Amino acid sequence: MGFPVLGAVKRAVLLVSLCEMCLAVRVFTAGDAGVTCFRIPAIVATPTGALLAFAEARHGSCADDATREIALRRSTDGGLTWSAIQFVAGNASLPVGNPYPIADATRVALVVVLHADGGSGVGTGNGVARSADDGATWT
């Protein structure tokens with residue numbers, strides 16, 4: 001009975017040792033790019049290995065009705081470093097939220113966003129931002 005427990009302990013120690021080598025990188029921080037608060041993060045890996053991290057950019061507060069844009073940061077080195085923040089969808093007159101990134105085998109990345117009604121937080125429709133160059137530019 002003691003042998004399986006010993007095996008479990010060895011595995012646990014190995015996991016701890018591996019985690020000592022882990023590096024935590026904060027992708028979005030309040031105040032970056034003039035944004036008060038980032039919420040609803042989502043990340044996707046493209047077929048080339050680029051990581052695309054998205055979040056709602058909230059201005060003025062962290063309240064749901066403060067959502068205006070979808071922010072993006074891109075990493076091409078496995079998440080060690082990240083690009084400057086760019087905004088792929090939304091603005092003050094057309095607020096968006098709830099990023100849902102999808103990447104397919106053709107290097108096309110899509111972000112499905114919900115158009116919020118600017119105050120009630122109730123969605124009024126879906127939209128899509130598209131990148132055909134591995135997340136470097138968006139339409």
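The protein is built from one helix and seven strands, and in this predicted model the elements follow one another from the N terminus in the order α-β-β-β-β-β-β-β. Of its 139 residues, 32% count as buried. The accessible surface amounts to about 8,100 Å², and carbon and sulfur atoms account for 61% of that area. Where contacts join residues at least 6 apart in sequence, 40% of them connect residues at least 24 apart.

**Confidence along the chain**

The mean pLDDT of the protein is 80, with 75% of the residues scoring at least 70. Confidence is lowest in helix H1, which covers residues 2-20 and has a mean of 46, whereas strand E2, residues 51-58, has the highest value, at 94. Over residues 1-17 the pLDDT stays under 50, and for this stretch the model shows zero contacts beyond four places in sequence.

**Glu 56 in strand E2**

Glu 56 is located in strand E2, the element in which confidence is highest. Its relative accessibility is 3%, and because buried means under 20%, Glu 56 counts as buried. The side chain of Glu 56 makes a polar contact with the side chain of Arg 58 at 2.5 Å, and the side chain of Glu 56 also reaches the backbone nitrogen of Asn 98, at 2.8 Å. Leaving aside residues up to four places away in sequence, the residues that Glu 56 touches include Cys 37, Phe 38, Arg 39 and Ile 40, as well as Thr 67, Glu 69 and Ile 70, and further Gly 97, Asn 98 and Pro 99. Two of these neighbours, Cys 37 and Phe 38, come up again below.

**The disulfide**

The structure holds one disulfide, which is formed by Cys 37 and Cys 62, with their sulfur atoms 2.0 Å apart. The torsion about the S-S bond is about 110 degrees, so this disulfide is right-handed. Cys 37 lies in strand E1 and Cys 62 in the loop between E2 and strand E3 (67-75), so the bond ties together parts that are 25 residues apart in sequence. The two partners can also be described by their exposure: Cys 37 counts as buried at 7% relative accessibility, while Cys 62, at 39%, counts as partly exposed.

**Aromatic pairs**

How many aromatic pairs does a search of the whole structure find? The search finds two, and their geometry is set out in the table.

| Pair | Distance between ring centres | Angle between planes | Class |
|---|---|---|---|
| Phe 28 and Phe 38 | 5.0 Å | 35 degrees | tilted |
| Phe 54 and Trp 138 | 5.7 Å | 85 degrees | edge-to-face |

In the pair of Phe 28 and Phe 38, the planes stand at 35 degrees, so the pair is tilted. Phe 28 sits in the loop between H1 and strand E1 (37-45) and Phe 38 in strand E1, so that the pair links distant parts of the chain, ten residues apart. Both rings belong to buried residues, since Phe 28 has a relative accessibility of 14% and Phe 38 has a relative accessible area of 15%.

The pair of Phe 54 and Trp 138 has its planes at 85 degrees and is therefore edge-to-face. Phe 54 lies in strand E2, whereas Trp 138 lies in the segment after strand E7 (123-131), so this pair ties together parts that are 84 residues apart in sequence. Phe 54 is buried, and so is Trp 138.

**Loop and C-terminal positions**

Asp 134 also belongs to the segment after E7. Is Asp 134 buried or exposed? With a relative accessible area of 4%, Asp 134 is buried. Its phi is near 65 degrees, which is a positive value in a residue other than glycine. The C-alpha atom of Asp 134 is separated by 9.3 Å from that of Gly 49, although the two residues are 85 apart along the chain. Gly 49 itself lies in the loop between E1 and E2 and is partly exposed, with a relative accessible area of 38%.

A positive phi in a residue other than glycine is also found at Ala 33, where the value is near 55 degrees. Ala 33 is placed in the loop between H1 and E1, the loop that also contains Phe 28.

How values were computed: Residues are numbered from 1 along each chain as its sequence is written. Side-chain values use heavy atoms; hydrogens and water are left out. Helices (H or I, at least four residues) and strands (E, at least two) are DSSP runs, numbered from the N terminus. Buried means under 20% relative accessible area, exposed over 50%, partly exposed in between (1.4 Å probe, protein chains only). Contact means heavy atoms within 4.5 Å. Accessible areas come from the Shrake-Rupley method with a 1.4 Å probe; for residues, only the protein chains shown count as cover. pLDDT is the predictor's confidence in each residue, from 0 to 100. A polar contact is a pair of N or O atoms within 3.5 Å; within protein, one must be able to donate a hydrogen and the other to accept it, and residues adjacent in sequence count only if both atoms are side-chain atoms. Rings of Phe, Tyr and Trp (its six-membered ring) pair if their centres lie within 6.5 Å; planes under 30 degrees apart count as stacked, over 60 as edge-to-face and the rest as tilted. A disulfide is a pair of cysteine sulfur atoms within 2.5 Å.
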